[in-house]
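Visitor: I should like to understand the reasoning behind the terms used for this structure. Could each term be set against its criterion?

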Amino acid sequence: MSNKTRWYKDSFVYQIYPRSFCDSNGDGIGDIQGIISKLDYIQDLGVKAIWLSPIYKSPNYDNGYDISDYRDISPEFGSLDDFKKLISEMHKRDLKLIMDLVVNHTSFEHEWFIKSKESTDNEFRDYYFWRKGRGKNGKKPPNNWTSRFGGSAWTYDEKTGEWYLHLFTKEQPDLNWDNPKVRKEVEDIVNFWLDLGVDGFRCDVITYISKAKDLPNGKWHPFVRGDEHFTHGPNIHTYLRELSKNGFSKKDTMIVGEGAGVNLEQALIYTNEENEELDNVFHFEHMETDFYKQVLPRKFKLTNLKKIFSRWQLGLFQKGWNSLYFENHDFPRSLKRFTGDYKDKRVEAAKMLAISLYMQQGTPYIYQGQEIGMTNYPFESIDDFQDVVVTNVRRVFGVFEPLFRPIILKVLKVRARDNARTPMQWDDSENAGFTKGTPWFLINPNYTEINTKNDLLNHDSILNFYKKLIKYRLNNEVIIKGYYQEYNSGNEDLHVYIRTYNGVTILVVCNYKNKEVSFNPHPETVNKNCNLVLHNYGYDRPVLEPMILRPYEALVYELNKTK
Ligand code: GLC
Ligand code: CA
């Protein structure tokens with residue numbers, strides 16, 4: 001058994017997307033010095049760790065998720081010296097650093113891949129998946145798998161007349177983890193960064209690293225094929241345990257896995273402490289309540305979201321560990337998604353969402369800008385998107401793209417990852433205080449109103465509420481260790497639950513709708529001494545009794561407490 005302290009169980013983690021966080025030198029791109037200049041802001045929030053999206057050397061086909069040198073920093077973000085400074089400044093402030101580890105694939109510009117392409121018998125050939133094509137002359141891809149970003153998962157290479165596998169863009173060839181040399185390389189990379197002082201890793205699409213032997217065809221589906229052969233593949237748990245033994249567990253780390261396709265059953269294996277694989281996983285089930293397969297918009301139903309919450313809260317209780325998130329760099333902003341048309345109630349809605357999510361069990365994550373209620377960008381033209389996924393999708397439509405453009409745009413407006421990638425809104429000066437130069441990407445025009453400067457000044461702001469909530473959560477065992485029980489499960493408007501631990505109970509009541517909703521406390525929770533500890537309207541509900549909740553009203557009561 002490892003001697004981890006498991007500090008992540010009572011810590012908030014703040015995610016930074018470096019390109020869009022803060023630009024220190026006016027080139028329009030966020031950078032490490034920019035992050036350093038905002039560490040006091042982050043510390044002040046009360047979080048205990050930062051997850052940094054990739055800052056390694058990369059040709060940026062997928063904004064850093066395509067790494068060409070795992071031991072160097074991308075010059076646009078700074079240098080290794082800047083990085084060392086970042087770590088020391090963070091540790092000074094008791095902030096831990098979680099690096100993104102992108103090792104399912106490399107960039108096609110990584111030297112391993114460049115060498116691998118050269119011939120069919122070089123020593124790097126087997127670092128990747130090279131296969132002969134099917135059909136006459138091998139001109140059809142080796143199997144029917146699709147890339148997660150649309151189109152075939154294979155690209156033909158003229159030089160050796162073979163195809164290589166990429167579950168993402170063709171600039172992101174998949175590494176062959178069945179090759180022990182590849183696994184050793186990954187271990188070395190992990191240890192390189194641990195030696196530099198990092199405190200953990202967020203493992204990018206880690207559930208895809210083990211592919212089924214012989215790469216068989218996947219079940220037919222119009223646009224997602226092959227999943228069953230590379231999600232939690234045959235050796236996934238063996239490889240993770242090996243990496244943990246030889247890397248992850250050498251320090252008091254937190255390892256979180258991006259759990260594409262993870263269900264509860266798998267999460268229990270990944271996060272069971274005895275298995276020493278991952279400490280928590282990002283599952284996607286709640287992120288699909290409004291998007292089928294994460295892509296096609298569908299009507300959001302609160303009852304579906306609550307069912308998922310309950311299943312994961314109960315399923316992992318004392319057996320594994322959860323992660324709590326509503327936002328990251330791969331999804332649109334959470335407000336519209338889960339609270340609908342909030343109109344002039346943005347602040348109330350954002351606070352309500354925070355209460356609904358963060359009073360649950362698991363490690364809580366906040367994505368940059370979420371703490372001030374940043375919103376989706378008002379995209380009007382398809383050419384305004386920058387994400388490679390958009391380019392890919394358009395390419396897949398081929399000559400029909402112009403015909404389908406209005407529909408594609410409609411979906412992208414609500415689904416595109418670009419929504420979360422607009423620069424951080426620091427103040428109401430030009431470019432939202434993000435840069436003195438020309439920003440690499442569009443800045444949401446609402447920055448004059450939605451920015452950290454305003455929120456810091458306003459006592460009732462979302463930001464100040466986040467601080468209160470973070471502090472409250474971190475000081476409460478019941479939230480960290482307590483049992484979760486949902487009430488009113490069939491109700492489409494309310495999310496109501498209790499957490500219980502050692503004789504202490506907290507009751508959480510959230511109105512997800514922009515309308516008044518009546519609420520009758522469950523008999524088990526009434527007639528007890530109660531103390532209202534968090535609210536988003538004001539301290540005017542001291543007594544827990546039948547009430548008409550205001551739009552998006554959210555309340556947290558401690559029960560059983562003597563006042
Ligand atoms: C993960 C990342 C995403 C990236 C993909 C490929 O899903 O979060 O941003 O595009 O992996 O690396
Ligand atoms: Ca810069």
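Guide: The questions below concern a predicted model, and each answer sets a value against a definition.

Visitor: What makes D23, N25, D27, I29 and D31 donors of the calcium ion (ligand 2)?

Guide: For calcium, a donor is an N, O or S atom within 3.2 Å of the metal. D23 (OD), N25 (OD1), D27 (OD), I29 (O) and D31 (OD) coordinate the ion at 2.2 to 2.4 Å, so these atoms meet the cut-off. Along the chain, the donors are spaced as D-x1-N-x1-D-x1-I-x1-D.

Visitor: Why are I29 and D31 called buried?

Guide: The term requires a relative accessible area under 20%. Both I29 and D31 are classed as buried, which means that each falls under that limit.

Visitor: How do you know that E258, H329 and D330 make polar contacts with ligand 1?

Guide: The criterion is a pair of N or O atoms within 3.5 Å. A polar side-chain atom of E258 lies 2.8 Å from an oxygen atom of ligand 1, and one of H329 also lies 2.8 Å from a ligand oxygen. For D330 the distance is 2.5 Å. The three pairs therefore satisfy the criterion. Of the 310 Å² of accessible area that ligand 1 has on its own, the protein covers 97%.

Visitor: Which residues of the shell are closest to ligand 1, and how is the shell composed?

Guide: Of the 14 residues surrounding ligand 1, the closest are D62, D204, E258, H329 and D330. The shell divides into 4 nonpolar, 3 polar and 7 charged residues.

Note on methods:
Residues numbered from 1 in each chain as written. Chains lettered and ligands numbered in written order. Predicted model: local features only at pLDDT ≥ 70, side-chain atom pairs only at ≥ 80, totals over all residues. Heavy atoms only, no water. Donors = N, O, S within 2.8 Å, 3.2 Å for Na, K, Ca; no water. Buried < 20%, exposed > 50% of the residue type's maximum accessible area, 1.4 Å probe, protein only. Near = heavy atom within 4 Å. Polar contact = N/O pair within 3.5 Å; in protein donor to acceptor, adjacent residues only side chain to side chain. Areas by Shrake-Rupley, 256 points an atom, 1.4 Å probe, with all protein chains shown as cover. Nonpolar A, V, L, I, M, F, W, Y, C, P; charged D, E, K, R; others polar.
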